[in-house]
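Student: I'd like to learn how to read cysteines and charged side chains in a structure. Can you walk me through them?

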Amino acid sequence: MTDPIRLGFAMTGSFCTFSQVLPVIRQLAKSNEVTAVLSPAAAETDTRFYRAEDLLRELEQITGRKPMRTIAEAEQVGPGKLFDVLLAAPCTGNTLAKLNLGITDTSVLMAIKAQLRNGRPVVLALSTNDALSNAAKNIGGLLNRRDLYFVPFSQDDPEKKPRSMAANFGLCEAALDAALEGRQLQPIIL
């Protein structure tokens, strides 16, 4: 990215990937206006990986603004045309399924819906243990949607979790650049 952009950075509850996602946010926030949007699971759940209040504090420190946490806050993405592009990282299988079915019951899903209503790009960086089973139909359905793009992904632990896949979070910036040009970064599956 050469010119600064207004980036929505939506996080859902794939807690084990937060340590990979936070450096991406930090890097992107150096030269762009970044606003975090958190699902209730990401914003409110204490786990062995992160305490919720620590995550909120860190995101506010990185972006310089409080994360969006409610559906009402995220709804403003549409009429305000707040983001040039929105990146959902990590994007869980639960969020993929709801998005594929048109369900809008979290702040992240509302932000995505609001972004898409304006014909603006959304990039999904998936992280799901069932990508090669139940979530596969949702991934397939979303691959065919207009203005939706994926960060390239691969199996993250084929031996211990043979159906699990995760985005290559190091490719988030390249995927954002491609989406802003209206194209999918290839190859999608690494």
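Tutor: Let's take disulfides and then salt bridges, keeping in mind that this is a predicted model.

Student: What is a disulfide, in general?

Tutor: It's a covalent bond between the sulfur atoms of two cysteines.

Student: And how many disulfides does the count come to here?

Tutor: Zero. Look at Cys-91: the closest cysteine sulfur belongs to Cys-172 and sits 11 Å away, so the two are too far apart for a bond. The cut-off is 2.5 Å between the sulfurs. Cys-172 is likewise in no disulfide.

Student: Is Cys-91 buried or exposed? And what about Cys-172?

Tutor: Cys-91 is buried, with a relative accessible area of 0%. Cys-172 counts as buried too, at 1%.

Student: Now the charged ones. What can side chains of opposite charge do?

Tutor: They can pair when their charged atoms come close. A search of the whole structure turns up ten salt bridges. One of them links Lys-98 with Asp-105, where the closest N and O atoms are 2.9 Å apart. Lys-98 counts as buried at 18% relative accessibility, while Asp-105 is partly exposed at 38%.

Student: Which residue does Asp-147 pair with?

Tutor: Arg-146, with 4.0 Å between the closest N and O atoms. Here Asp-147 counts as buried at 17%, but Arg-146 is exposed at 73%.

Student: Which residues do shared partners join into one network?

Tutor: Arg-51, Glu-53, Asp-54 and Arg-57. Within that group, Asp-54 bridges to Arg-51, the closest N and O atoms being 4.0 Å apart. Asp-54 is partly exposed at 24%, and Arg-51 is partly exposed at 40%.

Technical notes:
Residues are numbered from 1 along each chain as its sequence is written. This is a predicted model: local features need pLDDT of at least 70, side-chain atom pairs count only at pLDDT 80 or more; totals for chains, interfaces and linings use all residues. Side-chain values use heavy atoms; hydrogens and water are left out. Buried means under 20% relative accessible area, exposed over 50%, partly exposed in between (1.4 Å probe, protein chains only). A salt bridge is a side-chain nitrogen of Lys or Arg within 4 Å of a carboxyl oxygen of Asp or Glu.
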